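Reader: I am new to this structure. Could you walk me through some of the terms used to describe it?

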Amino acid sequence: MDFKLNEMQLDIANLAKDFAEKKLAPTVKDRDENEVFDRAIVDEMGKLGLLGIPYEEENGGVGADFLSLAVACEEVAKIDPSIALSFEVHTMLCSWPIWKFGTPEQKKKYLVPLAQGTSLGAFGLTEPNAGTDALNGSTTAVKDGDYYVLNGAKVFNTNGGEAEVTVVFAATDKSKGAKGMSAFIVEKGTPGFTYGKKEVKMGIRASVQRELVFQDVRVPAANMLGKEGEGFKIAMMTLDGGRVGVGAQALGIAEGAYNEAVKYAKERVQFGKPIATKQAIAFMLADMKLKIETARWAVYQAAWKMSQPDVKSYSMDAAIAKKYASDVAMQVTTDAVQVFGGYGFTREYPVERYMRDAKITQIYEGTNQVQQMIISGAILR
């Protein structure tokens, strides 16, 4: 199988690369240190068409595919993993379920501005007592005429407080288990929909994660995604795409750290020669490159399968891509710090930031232990 990028995919990758190098690189260090999410940056991505890459032009998008989205996310993550996260959540976790399960009216009202980048998207599933155990959530949605009344809270919501559109999951009938969860499109500014704690984190500090609070929030029944009771299925299918996005983000993080390590190893002179000439360093760089290229195949294959109409499921491919690429990101960034020696442990160089940013890719969109469950389940099914 040949994953040589076509002309459109290359153009999108180069657009994202140029944007990252010119717009993100000059401020990435300051935004990380000051923990600042710059909404204007994401808005500019929208103007360039980056927030609607895989969606049809009639839905406000560019009309490309999910491999194009993956390579764009990868290029952004090479420079700024925080912005890559906001990008991935917006496109994969919010826009995708509306594209896949939304009515024509929902797509016109919500997907078009999301794809055009005039609205920002978020995804509300995780709760304080319900992370991996998504069905243990306490957020409820009770039917009241032409509305559903939502009560509860969600945590770790990327773009929370900034997003105009959030896809939220709530129990419409707890007694039905997986068939008792439903999905809703909730607009920012809806009475009773407020924001709680803002997370203070080890990494991805230039993205924003906030608690979402729902107190008697009346959401029109017309804003339900799919049918009542289909929420769990929608959430799990959405997370498959999210895992492809995290895989692309992790791949970009690994590449960014590797590029810095190679540059430093060629410039840093010890014992009269660049340290890159020392076998200990050269072999470390070789192993980093090996892992990155292997991860690329896993991520690109999963992204390619997302766009194939005859592929019924890419769950295992997404799980493999997410787990392998995120493990590689953690290994490569750790080795990059080692290449820099004592300087790698300081904030003078970016490899410590890449290492901090890499860790979360092993956790969100399902921990890597969850990915092992998915992969083994597919094998044994």
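Author: Let us begin with the rings. In this predicted model, a search of the whole structure finds 12 aromatic pairs. One of them joins Tyr 55 and Trp 99.

Reader: What makes the pair of Tyr 55 and Trp 99 tilted?

Author: The planes of Tyr 55 and Trp 99 stand at 55°. Stacked needs under 30 degrees and edge-to-face over 60, so the pair counts as tilted. Tyr 55 sits in the loop between α3 and α4, while Trp 99 belongs to helix α5, 44 residues apart.

Reader: Why is Tyr 55 called buried?

Author: Its relative accessible area is 0%, and buried means under 20%, so Tyr 55 qualifies.

Reader: Why is the pair of Tyr 264 and Phe 340 called stacked?

Author: The planes of Tyr 264 and Phe 340 meet at 20°. That is under 30 degrees, so the pair is stacked. This pair links helix α7, home of Tyr 264, with helix α9, where Phe 340 lies. Ring pairs also join Tyr 264 and Phe 340 with Tyr 343 and Tyr 349 in a cluster.

Reader: How do you know that Arg 218 lies over the face of Tyr 147?

Author: Arg 218 is 4.7 Å from the ring centre of Tyr 147. The limit is within 6 Å, together with an angle within 35 degrees of the ring normal. Arg 218 is listed as lying over that face.

Reader: And what makes Arg 39 buried?

Author: Arg 39 has 16% relative accessibility. The cut-off is under 20%, so Arg 39 counts as buried. Arg 39 is found in helix α3 and touches residues including Glu 162 and Glu 164.

Methods: Residues numbered from 1 in each chain as written. Predicted model: local features only at pLDDT ≥ 70, side-chain atom pairs only at ≥ 80, totals over all residues. Heavy atoms only, no water. Helix = DSSP H or I, 4+ residues; strand = E, 2+ residues; numbered from the N terminus. Buried < 20%, exposed > 50% of the residue type's maximum accessible area, 1.4 Å probe, protein only. Contact = heavy atoms within 4.5 Å. Phe/Tyr/Trp six-rings, centres within 6.5 Å; stacked < 30°, edge-to-face > 60°. Lists of a residue's contacts leave out its neighbours within four places in sequence.
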